[in-house]
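Colleague: Please take one part of this model and go through it closely, then show how the rest is arranged around it. I am new to reading structures, so plain steps would help.

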Amino acid sequence: MAVEVILPVLGETMDEGTIVKWFVDVGQTVQKGEPLYQLETDKAVLEVEAPASGVLREIFYQAGSKVPVLTVVGLIAAPDEDISAYKPSQVEQKMPAAPVAELKRAVEQPREEQVPPRIFVSPRARKMAEEHGVDLARIKGTGPGGRIVERDVRAALMVETKEVPVMPAAVESVPLAGVRRIIAERMSASTHTTAAVTLTTEADATNLVQLRTLLKEQLESTLGFAISYTDILVAVVARALREYPYMNVRLVGDEIQTIAQIHIGVAVDTERGLVVPVIRHADQKGIVEIARTLRDLVGRARAGKSMPDDLSGGTFTITNLGMYDIDAFTPIINLPECAILGVGRLRQMPVVHEGQVCVRQMMVLSLTFDHRLVDGAPAARFLQRIKQLVEQPYLLLG
């Protein structure tokens, strides 16, 4: 009996994926559990396994195709089985055999809003259309089932306002797609929907440098890698969030929700763009466990093999640009989180310490927070606590 190959749902926000390549050609034998094709989501590139053993008889979507989730993309059957009844026009958007309710319990999809006459649109797309006076009835949706999504409204705006950029005679262009498109959408949403304020402070990180040097000397041979400043800063921020839970919040509708768990994301630069692996329950981990977890997450992210859970569920983000000789900057909040901490480079500077001018290791910390959720003074106290823990990291032992 023929078995349909279905593009899976791999995360709460996933509504489509791009087939990067097929590992098997039509007519070749496959074994259940073997890699069948490579799939790019908005967060990662993954290998999808064959759901059954047999021969790959049909490929309905070739490499490069952007396909809605739960769509039949191929067909596995016996070599001599009659599959003439299966046509691409009949299998598009077809649901798998598993009960729909079961799928919904596993992955909760965003609710659709219905706009008469029978126009289906995502909440964010509808809000954008209302703000710019776009007639949804004139837009053809490209989301699952023809749903209108944000990119469709943006495209309509470009046409209606005739905002066609004048390009130089010689120019190389690439589509705003994949991870780059997701980054653009999220950064734009963050700057347009939050009341972002950035506070900066300078911390004496001399003791932090000494601690990191000691940990490196004592543990590198055992661990196989050196503890980094980011590892220690994750522990610092986790402690501060536990002590100041009003920073570990998010806005849901008209409610400010305080999140009991502390899941810290760390911004990582990869060939595919910026991704944010998440260290779950960071406040319950020591520096060594944080370091091991972060290396595993970063390794998968840079190899393009992150699982969706690796890159979701964060409650606070750290972004460190110190290695690029950046002193201070204004990080953008990673929605739906309330705040993000930017970390600058370490610099030896002459400062007054205990009444004497001496050279110390200094670091600039930049906290961007959503003023809708937290006022300036409480946010300043939180940043002050981070500075205190950076300057006296032995307090992490208390």
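In which loop does G133 lie?

Modeller: This is a predicted model, so every value below is computed from predicted coordinates. G133 sits in the loop that runs between helix α3, residues 123–132, and helix α4. Its relative accessible area is 60%. The cut-off for exposed is over 50%, so G133 counts as exposed. In sequence, G133 and L157 are 24 residues apart, while their C-alpha atoms are 9.3 Å apart in space.

The helix after this loop is a good place to go next. Helix α4 covers residues 150–161 and contains R151. R151 makes a salt bridge with E16, and the closest N and O atoms of the two are 2.9 Å apart. E16 belongs to strand β2, residues 16–22, so this pair ties together parts that are 135 residues apart in sequence. Both partners, R151 and E16, are buried, whereas G133 in the loop before the helix is exposed.

That pair is one of 11 salt bridges in the structure. Another joins D231 to R295, with a closest N to O distance of 3.1 Å. D231 is in helix α7 (residues 229–243) and R295 is in helix α8 (residues 287–302), so here too the bridge ties together separate parts, 64 residues apart in sequence. The two ends are not covered alike: D231 is buried, with a relative accessible area of 0%, and R295 is partly exposed at 27%.

A third salt bridge stays inside one helix. E220 and K216 are paired, with their closest N and O atoms 3.2 Å apart. Both residues belong to helix α6, residues 206–223; they are 4 residues apart there, which means that about one helical turn separates them. E220 has a relative accessible area of 31% and is partly exposed. K216, at 30%, is partly exposed as well. Salt bridges can also be linked to one another: D327, R345 and R347 form a network of them.

From the salt bridges we can turn to a sheet. Strands of a sheet pair through backbone hydrogen bonds, and the pairing is either parallel or antiparallel. In this model, 6 strands form an open sheet with mixed pairing, in the order β11-β20-β19-β18-β14-β17. Its edges are β11 (196–204) and β17 (278–279), each of which pairs on one side only.

Start from the β11 edge. β11 and β20 run antiparallel and are paired over 9 bridges; one of the pairings sets V197 opposite F369 in β20. β20 is in turn paired with β19, again in the antiparallel sense, over 13 bridges. Here I340 has T368 as its bridge partner in β20. β19 and β20 also make a hairpin with 2 residues between them, and E354 in the turn has a positive phi of about 55°. Most of β20 is covered, as 11 of its 15 residues are buried.

At the other edge, β14 (residues 264–266) and β17 are antiparallel and are joined by 2 bridges. I264 has I279 in β17 as its bridge partner.

A helix lies across part of this sheet. It is α9, residues 376–391, and the strands it lies across are β11, β18 (316–320), β19 (339–353) and β20 (356–370). Its direction is at about 25° to that of β11.

The loop between β18 and β19 holds Y324. Together with M323 and I326, Y324 makes a nonpolar surface patch of about 310 Å².

Finally, the protein as a whole. It has 9 helices and 20 strands. Of its 398 residues, 45% are buried. About 21300 Å² of the protein is exposed, and carbon and sulfur atoms supply 52% of that area. Contacts between residues at least 6 apart in sequence can be sorted by how far apart the partners are: 61% of them join residues at least 24 apart.

To return to the starting point, G133 is an exposed residue in the loop between α3 and α4. Through R151, helix α4 is tied to strand β2.

Methods
Residues numbered from 1 in each chain as written. Predicted model: local features only at pLDDT ≥ 70, side-chain atom pairs only at ≥ 80, totals over all residues. Heavy atoms only, no water. Salt bridge = Lys/Arg side-chain N within 4 Å of Asp/Glu carboxyl O. Buried < 20%, exposed > 50% of the residue type's maximum accessible area, 1.4 Å probe, protein only. Pairing = 2+ DSSP bridges. Contact = heavy atoms within 4.5 Å. Axes fitted to C-alpha atoms, helices over the stretch in contact; angles between N-to-C directions. Patch = residues over 30% accessible without salt bridge, like charges linked within 9 Å, V, L, I, M, F, W, Y side chains within 5 Å. Areas by Shrake-Rupley, 256 points an atom, 1.4 Å probe, with all protein chains shown as cover.
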